[in-house]
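Please open the model in your viewer with a cartoon view and side chains ready to be switched on. The stops below are meant to be selected in turn.

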Amino acid sequence: MGTGRNDELQVGVITQTHGIRGEVKVFPTTDDANRFKKLKEVMLDTGRERLTMEIEGVKFFKQFVILKFKGYDSINDVEKYKQGKLLVTRDKAVRLQKDEYFVADMIGMRVVTDEGEDLGILKDVLATGANDVYVVSCEDGREVLLPAIKECIKTVDMDSRVMEIHVMDGLLQ
């Protein structure tokens, strides 16, 4: 657990350039791509350096976000940033609603059932469109997919890092 993870959240990865005017295609790793509309700047981690990029324009294309950075007006300016990670500092992150959590903070949580059984560890969160799906890695090597709905997810305790779930019929087949 480095310090970086707590102060920064990854919101996307640049997959490729888009058009010739300096736009980039970003695969969002945030649970709500609309957050990009509210961001004024992001940090670009190229692996070698970190740059603060001012966001000039945001468009949406299929599951991608198309970003235009201020001062980068040609494909040649952004070509080198492919695979770059886009980060925001937590203070720039969008304020969360009461029952929202940052995905990065949830990974690694223990998942227990409301009957007190240890189910496993939260390994991943998949955004499916309708609702998120929590991927739980069980002790026996199985993976269980849990729909992130109120009927299934009872409590998420960020302090003790435990998620309590209700096992719905057919869930653990």
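How many bridges join strand 1 to strand 2, and do these strands run parallel or antiparallel? Select the two together: strand 1 and strand 2 run antiparallel and are joined by 6 bridges. Keep in mind throughout that this is a predicted model.

**The hairpin**

With both strands still selected, look at the turn, where 4 residues lie between strand 1 and strand 2 in a hairpin, and where Gly19 has a positive phi of about 70°. Strand 1 covers residues 8-18 and strand 2 covers residues 23-28. For a single bridge to label, take Val13, whose partner in strand 2 is Phe27. Strand 2 is largely enclosed by the rest of the structure, because 5 of its 6 residues are buried.

Next, pick Thr17, which belongs to strand 1 and, at 15% relative accessibility, is buried. Leaving aside residues up to four places away in sequence, the contacts of Thr17 include Glu23, Val24 and Lys25, and also Ile75, Val78, Glu79 and Lys82.

**Around the barrel**

Now widen the selection to the sheet as a whole, in which 6 strands close into a barrel in the order 1-2-5-4-3-6, with antiparallel pairing. From one strand to the next, the twist averages 45°. As a reminder while you switch on the backbone, strands of a sheet pair through backbone hydrogen bonds, either parallel or antiparallel.

Two further pairings are worth displaying. On one side of the hairpin, strand 2 pairs with strand 5 in the antiparallel sense over 4 bridges, and within strand 5 the bridge partner of Val26 is Val65. Strand 1, for its part, pairs with strand 6, residues 85-89, also in the antiparallel sense and over 5 bridges; here Glu8 has Thr89 of strand 6 as its bridge partner.

**The aromatic rings**

Show the side chains of Phe, Tyr and Trp, among which the count comes to 3 aromatic pairs. One of them is formed by Phe27 and Phe64, an edge-to-face pair with 6.2 Å centre to centre and 70° between the planes. This pair links distant parts of the chain, since Phe27 lies in strand 2 and Phe64 in strand 5 (residues 64-69), 37 residues apart. Are the two rings' residues buried or exposed? Phe27 is partly exposed at 40% relative accessibility, whereas Phe64 is buried, with a relative accessible area of 17%.

Before leaving Phe64, add Lys25 to the view: the charged end of Lys25 sits over the ring of Phe64, at 4.9 Å from the ring centre.

Move on to Phe69 and Tyr72, whose ring centres lie 6.4 Å apart with the planes at 80°, so this pair too is edge-to-face. Phe69 is buried, at 0% relative accessibility. Adding Tyr81 completes the group, as Phe69, Tyr72 and Tyr81 form one aromatic cluster.

**The cysteines**

For the last stop, select Cys138 and Cys152. Cys138 is buried at 7% relative accessibility, and Cys152 is buried as well, with a relative accessible area of 0%. How many disulfides does the model contain? The count comes to 0 disulfides.

Terms used. Residues numbered from 1 in each chain as written. Heavy atoms only, no water. Phe/Tyr/Trp six-rings, centres within 6.5 Å; stacked < 30°, edge-to-face > 60°. Buried < 20%, exposed > 50% of the residue type's maximum accessible area, 1.4 Å probe, protein only. Lys NZ or Arg CZ within 6 Å of the ring centre and 35° of its normal. Disulfide = S-S within 2.5 Å. Contact = heavy atoms within 4.5 Å. Pairing = 2+ DSSP bridges. Axes fitted to C-alpha atoms, helices over the stretch in contact; angles between N-to-C directions.
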